[in-house]
Amino acid sequence: MKHTAFITFVIFVICSCSCSHSVLRLGSYNIRGNQECDGINQWQFRKDSLSQIILREGFKLVGLQEAVPDQREDIVSITRYNWVGAGDLNNPILFDPSRI
């Protein structure tokens, strides 16, 4: 509950500080686990393309679902975004610290 309140507060602050002409770009991705039986769909083959989409689209906030810690850390490492959320829930919110 504490994490939900914090995340809600972060989104409220971002929205209230935005100028009327600013655009808040949001993204949401179901990362899907990393299974060896996934063949060419394994995480090692998906992480770079997803990270490039996040950067190219210029999202300020990105919600991830089913992102295990290694996957979250891969995306954070490539994008240089920060994250908030409960580490054991695998549903972090990433944000671009240079734009918030």
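Mentor: Before we start, one definition: two strands pair if DSSP finds at least two bridges between them. Keep in mind that this is a predicted model.

Trainee: Got it. How many bridges join β2 to β4, and how do the two strands run?

Mentor: Look at residues 61-65 for β2 and residues 93-95 for β4. One spot to find is G63, which stands opposite I93 in β4. The count of bridges joining the strands is three, and the strands run antiparallel.

Trainee: Which strands sit at the edges of the open sheet?

Mentor: The open sheet has four strands, with mixed pairing, in the order β1-β2-β4-β3. An edge strand pairs on one side only, and that holds for residues 26-30 and for residues 82-84. So, with pairing defined by at least two bridges, the edge strands are β1 and β3.

Trainee: What does the twist average from one strand to the next?

Mentor: Follow the strands in the order β1-β2-β4-β3. From one to the next, the twist averages 25 degrees.

Trainee: Which helix lies across β2, β3 and β4, and at what angle to β3?

Mentor: Check residues 69-79. Just after that helix comes R80, whose phi is positive, near 65 degrees. The helix is α3, running at about 145 degrees to β3.

Trainee: Why are the buried residues of α3 on the same side?

Mentor: The buried ones are Q71, R72, I75, V76 and T79. What covers them includes α2 (43-57), β2, β3 and β4. They share a side because, around the axis, they cover an arc of only 135 degrees.

Technical notes: Residues numbered from 1 in each chain as written. Predicted model: local features only at pLDDT ≥ 70, side-chain atom pairs only at ≥ 80, totals over all residues. Heavy atoms only, no water. Axes fitted to C-alpha atoms, helices over the stretch in contact; angles between N-to-C directions. Contact = heavy atoms within 4.5 Å. Buried < 20%, exposed > 50% of the residue type's maximum accessible area, 1.4 Å probe, protein only. Arc of directions from axis to C-beta.
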